[in-house]
Amino acid sequence: MKARHKIIKKGKAHFEQFISGRTASSEDPLPLTHITDAYDLRDIIKDRQIAPRLCNVFDYDLSYYFYGRPAYRKNGDTQANSLAAYAPIVLIFKPTISDDAIAAFPFDTGAFKGEKYSDVTHHRMSVEDFGLEPSHENIGKIVAFFFGNNKNYYDQLPSQKTKIGKNEFEAQSYQELITYRGKNERDDRSTTIEIIFDKSVELRTNLLAIVVPSSFLKDKAVKSRLQALHVHIRPYTDGANLTPASQIPRLSDVVRHYYIEQGILKK
């Protein structure tokens, strides 16, 4: 059994203990997604791997993935433009890569650090307090308890029937985070499970599919490099003068259709 990573170990374990006491999911694990842009994709394809980089949240060399749904806003502050280098890309990986992950969190940790969730958390709670061992069992229990099933999780439809004890403060905060429908700055990163790695993830044998702008497939050189990956290629409709972040819902729809097509999600 591998040792718990420091970014989990230094947090309080109340949330993980709460999750461990829930009922296990009866569904197969979902794939993991990694969002990048076309600029970094060029090197990812050349190196045939995604390598960790210094993370300003935990101060380690890490790489980030989301469970099932593509939600990360790479270049989230970038203004609208037509530069191909900024085009968002989704890489979809087999669920088994999480065997090498070091931590899981029920939400985007960068948004927590940026105080996007401060209205639903106690001021002394830290992001580490929500860390879990990234096992399929733990992740499945989060989905089953708070969303009911994989489809509801993907579609951001949390269960309204969850019962949480008065002393389970972290679980209460998470439930409030995913169910609150008032005005706030949050997006789907608040309801998407984050999975973290401290080592490179190889594309070979692990990558299932890649989602790219439809315009990329009209470029013979780019199309050839993508086809050399020997995975499913799915296009999304790209447009001019859009922010990279505003295109994420388009990618999410394509990923959802891919999951239904492959029998990963039910219709």
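Me: Is Phe 107 buried or exposed?
Reply: Keep in mind that this is a predicted model. The cut-off for buried is under 20% relative accessible area. Phe 107 comes in at 1% relative accessibility, so Phe 107 counts as buried.

Me: How are the rings of Phe 107 and Phe 112 arranged?
Reply: A search of the whole structure turns up 18 aromatic pairs. For Phe 107 and Phe 112, the ring centres are 5.5 Å apart and the planes sit at 15°. Planes under 30 degrees apart count as stacked, so this pair is stacked.

Me: And what about Tyr 154 and Tyr 259, how do those rings pair?
Reply: Here the centres are 5.6 Å apart, and both tyrosines are buried. The planes meet at 80°, and over 60 counts as edge-to-face. So the Tyr 154 and Tyr 259 pair is edge-to-face.

Me: How many residues apart in sequence are the parts that this tyrosine pair ties together?
Reply: Tyr 154 belongs to helix H6, residues 150-154. Tyr 259 belongs to helix H9, residues 248-261. The pair therefore ties together parts whose separation in sequence is 105 residues.

Me: Which arginine lies over the face of Phe 18?
Reply: Phe 18 is part of a cluster linked by ring pairs, whose members include Phe 107, Phe 112 and Phe 146. A charge counts as over a ring when, for Arg, CZ is within 6 Å of the ring centre and within 35 degrees of the ring normal. At 4.0 Å from the ring centre of Phe 18, the residue over its face is Arg 22.

Me: How many of the eleven residues of helix H5 are buried?
Reply: H5 covers residues 136-146 and is largely enclosed by the rest of the structure. Among its buried residues are Asn 138, Lys 141, Phe 145 and Phe 146. Their packing partners include helix H2 (14-20), strand S4 (61-67) and helix H7 (169-179). Out of eleven, the buried count is eight.

Me: Which residues touch the most other members of the largest nonpolar core?
Reply: In soluble globular proteins, nonpolar side chains tend to be buried together. The largest nonpolar core has 78 residues. One of the two residues in question touches Phe 18, Pro 158, Tyr 174 and Ile 178, among others, and that is Phe 146. The full answer is Phe 146 and Ile 210.

Me: Which element gives the most to this core?
Reply: We've already met this element as the helix holding Tyr 259. With seven residues in the core, the top contributor is H9.

Terms used: Residues numbered from 1 in each chain as written. Predicted model: local features only at pLDDT ≥ 70, side-chain atom pairs only at ≥ 80, totals over all residues. Heavy atoms only, no water. Phe/Tyr/Trp six-rings, centres within 6.5 Å; stacked < 30°, edge-to-face > 60°. Buried < 20%, exposed > 50% of the residue type's maximum accessible area, 1.4 Å probe, protein only. Helix = DSSP H or I, 4+ residues; strand = E, 2+ residues; numbered from the N terminus. Contact = heavy atoms within 4.5 Å. Core = buried A, V, L, I, M, F, W, Y, C linked by side-chain atoms within 4.5 Å. Lists of a residue's contacts leave out its neighbours within four places in sequence.
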